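User: Please take me through this entry term by term, setting each value against the definition behind it.

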Amino acid sequence: MGIRLLGAGMYLPEKVVTNEDFTKIVDTSDEWITKRTGIKRRHISQGEYTWSMGLKAAKNAISNAKIDLLEIDMIIVTTISADFAYPSMSNVIQGKLGAKNAFGIDICCACAGFVYGLDMAQRYIDTDSNIKTVLVISSENVTKTVDYTDRSTCVLFGDGAGAVVVTKSENQAYSYLGADGTGAELLYSHLYPANNGFTDENVALENAKAFPNETGRYMYMDGQEVYKFAVNAMPDAMEKACEKAGIRPNDLDYIIPHQANIRIIETAVKRMNVDIDKVFVNIQETGNISSACIPVCLTQLVEQGKVKSGDKVGMVGFGAGLIYGAIVLTV
Ligand code: ACO
């Protein structure tokens, strides 16, 4: 058994920050950002929480799916920018929505989160006859993890959320998920330090050596190494997911890659041997919104009438972990 899309939805905060706006706070230019990344604008939360953006995207998806809230059996939230260490975002959103029949799970799979969320939704639907309808929400407030004095990271990210409602179907979604945890120290942001009343500074210092680039509570990223990983990992994952589906990447009707950098997308697409007009790109308007990129693209693809029932859409992501994954979904 598999899954099919009942509805997709999204939410982007109202505040739009242009490349020109960044020239007022860091030493950069519209030309550098556009040429090196493809980004022109991004939506930025002005204090709105991750759960609130996720809730708005979820309501939009539920309305488009035309289902009753009480039909939702499970909520999966993907995020790297949760509001709380606990409770989970899925529990907070379940409560705010009033989806009383659903249980929730959060997953932290960086920018590949939505692919992992869809994969998980299918596995629950496939193995538990009580689970028929799953709400997958990817909500991200990445900008709160970014240092706005660091020009090499702050220009790249935006905020927002995307969501889908999926249900049981005969069409299986085929996925390939992978990780290279030896690259964990290439991209990270700290949560709480491991301090308590009995902390041994020597133990803490020894542990801290594993992640030696001190950026406080902000993101550390080795952009060039992540770039090299991405241009190989994305085609690799997409090809392996397609192989399971018995097709080639160019047989897909649409491909939605993670929107981190237009140069990464172009190189990966070339390596996949895919017609560029099958690739959905909105990076110029949103920047990198981590796991929310793919469901926001999917929502726009549906809204623009570019996919019809029965079309095959390939989605592929990569990110901190280092993590990667692809899924082929029949919509
Ligand atoms: N404006 C102007 N100059 C800049 C800026 C900026 N915003 N940022 C960096 N520069 C400068 C650098 O200081 C450097 O200057 P130097 O040559 O004098 O030292 C020069 O530009 C080149 O810097 P590079 O880092 O070599 O630039 P590169 O072409 O590699 O682009 C980028 C950097 C955009 C970060 C690229 O490496 C990239 O996209 N990497 C992948 C990032 C990514 O995909 N991350 C995923 C995160 S998702 C997640 O999991 C959270």
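Analyst: A polar contact with the ligand is a pair of N or O atoms within 3.5 Å; within protein, one atom must also be able to donate a hydrogen and the other to accept it, and residues adjacent in sequence count only if both atoms are side-chain atoms. The model is predicted, so local features need pLDDT of at least 70 and side-chain atom pairs pLDDT 80 or more, while totals for chains, interfaces and linings use all residues. Residues are numbered from 1 along each chain as its sequence is written, and side-chain values use heavy atoms, leaving out hydrogens and water.

User: What makes Trp32 a polar contact of the ligand?

Analyst: An N or O atom in the side chain of Trp32 is 3.3 Å from an oxygen atom of the ligand, which is within 3.5 Å, so the pair qualifies. The side chain of Thr28 has an N or O atom 2.7 Å from a ligand nitrogen, and for Arg151 a backbone N or O atom lies 2.9 Å from a nitrogen of the ligand; both pairs therefore qualify too.

User: How much of the ligand does the protein bury?

Analyst: The ligand taken alone exposes 1000 Å², of which the protein buries 75%, areas being Shrake-Rupley values with a 1.4 Å probe. The elements giving two or more residues to the surrounding shell include helix H2 (30-37) and helix H6 (151-154), and H8 gives the largest share, four residues. Helices here are DSSP runs (H or I, at least four residues) and strands likewise (E, at least two), numbered from the N terminus.

User: Why are E1 and E5 called edge strands?

Analyst: The open sheet has five strands in the order E1-E7-E6-E4-E5, with mixed pairing. Strands E1 (2-11) and E5 (103-107) each pair on one side only, so they are its edges.

User: How do you know that E4 and E6 pair?

Analyst: Two strands pair if DSSP finds at least two bridges between them, and since five bridges join E4 (74-78) to E6 (133-140), the criterion is met; the two run parallel. Among the partners, Met74 is bridged to Val134 in E6. Helix H11 (293-303) packs on the sheet, touching E1, E6 and E7 (160-169), where contact means heavy atoms within 4.5 Å.

User: What makes the peptide bond from Tyr86 to Pro87 stand out?

Analyst: That bond is cis, with omega near 5°, and Pro87 lies in the loop between E4 and helix H4 (89-97). Another cis bond joins Gly321 and Leu322, with omega about -15°.

Methods. Axes fitted to C-alpha atoms, helices over the stretch in contact; angles between N-to-C directions.
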